[in-house]
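Please examine the sequence and the structure shown below. The account then proceeds from the chain as a whole to one sheet, its covering helices and a single residue.

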Amino acid sequence: MNRHSLFLIPIGAAVLLAGCSRTPSPASGSQSADTLRTATLADSCRYQMRSVFDTTQRSEVSMSVSLELPEGDAFVPQLIRKQIVSGSIGRPYVNDDPAEAIHRYVTPEFLPDTATGSGYLETISGRFLLRNAHVANYRIDKEYYYERAAHGMYGSVYLVFEAQTGFVETELELFGAVDPVNLSPVTELLKAHLPAGVKESVWLDQVRPNGNFEVRAEGVAYHFNPYEITPYYIGRVEVLLPRAELRSLIQPASPVYAYFEELGW
């Protein structure tokens with residue numbers, strides 16, 4: 001059931017009138033990384049911030065987190081859960097109960113210092129995408145906005161979990177690469193498959209594997225957030241590397257290789 005609260009909290013020279021709600025969603029699915037039983041935990045707080053010196057000066061702070069998380073005490077769901085929490089709200093929360101960690105993150109006493117000087121909005125959401133016997137993709141979306149900033153910031157973080165172990169599949173496991181030189185063939189593929197609509201705006205010297213990728217039946221999709229390889233107005237850029245062009249690059253021991261082998265290169 002939803003939990004709602006309304007309270008006043010003094011912070012420095014400001015007073016927050018805060019309203020919060022916590023919403024656990026019903027679990028769905030089953031167990032093991034490819035058939036995880038998951039539940040979505042959501043918590044949000046909205047504050048009207050008023051200066052104690054000038055009550056006509058008000059601004060709003062809004063914090064919202066919603067994460068689909070694996071349930072269960074087995075090693076794999078626990079490990080995946082901790083890595084999602086770390087990638088979304090930060091490492092300090094990984095050993096806490098997930099619902100309490102999310103609630104602590106959005107409550108007033110844990111607001112970022114910058115939020116006490118002007119309006120601030122932060123939204124974080126996470127959900128599973130592709131899941132099979134080999135890999136499980138997870139996407140974390142983050143959005144930030146400061147009232148006095150020229151524009152907000154947003155971006156997405158992708159995690160690829162090894163289904164049987166729960167560990168994150170990094171470029172080291174995927175390509176056997178330990179430095180940019182070893183990743184140069186992937187860099188060339190990224191440049192070759194840049195979307196036609198953004199080629200003229202791309203900073204080519206910045207195009208390289210960034211660790212932010214997901215696995216699809218079609219291949220490996222790299223994701224670049226605003227300012228990584230293009231100006232802000234372009235937005236996110238996705239570059240799909242077809243699986244047929246990756247056979248010689250992906251490590252045979254990687255679960256991604258097994259997945260593509262199952263599909264047929």
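The following paragraphs describe the fold and then turn to particular elements and residues.

The structure is a predicted model. The protein chain contains five helices and eleven strands. Of its 265 residues, 46% are buried. Where contacts join residues at least 6 apart in sequence, 56% of them link residues at least 24 apart. The chain exposes about 13000 Å², and carbon and sulfur atoms supply 54% of that area.

Attention may now be directed to the sheet formed by three strands. It is open, its strands follow the order 9-10-11, and the pairing is antiparallel. Strand 9 and strand 11 are the edge strands, each pairing on one side only. On average, and with direction ignored, neighbouring strands of this sheet are turned by 25° against each other. In general, the strands of a sheet pair through backbone hydrogen bonds, in either a parallel or an antiparallel manner. Between strand 10 and strand 11, the antiparallel pairing extends over six bridges. Gly219 has Pro242, in strand 11, as its bridge partner. Helix 5, comprising residues 255-263, packs on the sheet and touches strand 9 and strand 10; its direction makes about 30° with that of strand 9.

Helix 4 also meets these strands: it lies across strand 10 and strand 11, running at about 115° to strand 11. Within helix 4, which spans residues 184-192, the buried residues are Val186, Thr187, Leu189 and Leu190. Viewed down the axis of helix 4, these buried residues fall within an arc of 160°, and they therefore line one face of the helix. Their cover includes helix 3 (171-175), strand 10 (219-224) and strand 11 (237-242).

The final step concerns one residue of an edge strand. Glu214 is located in strand 9, which covers residues 213-216. Is this acidic side chain's residue, Glu214, buried or exposed? Glu214 counts as buried because its relative accessibility is 6%, and the limit for a buried residue is under 20%. Leaving aside residues up to four places away in sequence, Glu214 touches Leu129, Asn137, Tyr158, Val160, Gly219, Val220, Ala221 and His223. With His223, the side chain of Glu214 forms a polar contact of 2.9 Å to the partner side chain. Glu214 and Leu130 are 84 residues apart along the chain, yet their C-alpha atoms are separated by 8.8 Å.

Methods. Residues are numbered from 1 along each chain as its sequence is written. This is a predicted model: local features need pLDDT of at least 70, side-chain atom pairs count only at pLDDT 80 or more; totals for chains, interfaces and linings use all residues. Side-chain values use heavy atoms; hydrogens and water are left out. Helices (H or I, at least four residues) and strands (E, at least two) are DSSP runs, numbered from the N terminus. Buried means under 20% relative accessible area, exposed over 50%, partly exposed in between (1.4 Å probe, protein chains only). Contact means heavy atoms within 4.5 Å. A polar contact is a pair of N or O atoms within 3.5 Å; within protein, one must be able to donate a hydrogen and the other to accept it, and residues adjacent in sequence count only if both atoms are side-chain atoms. The arc is that of the directions from the helix axis to the C-beta atoms. Accessible areas come from the Shrake-Rupley method with a 1.4 Å probe; for residues, only the protein chains shown count as cover. Two strands pair if DSSP finds at least two bridges between them. Axes are lines fitted to C-alpha atoms, for helices over the stretch in contact, and angles run from 0 to 180 degrees between N-to-C directions.
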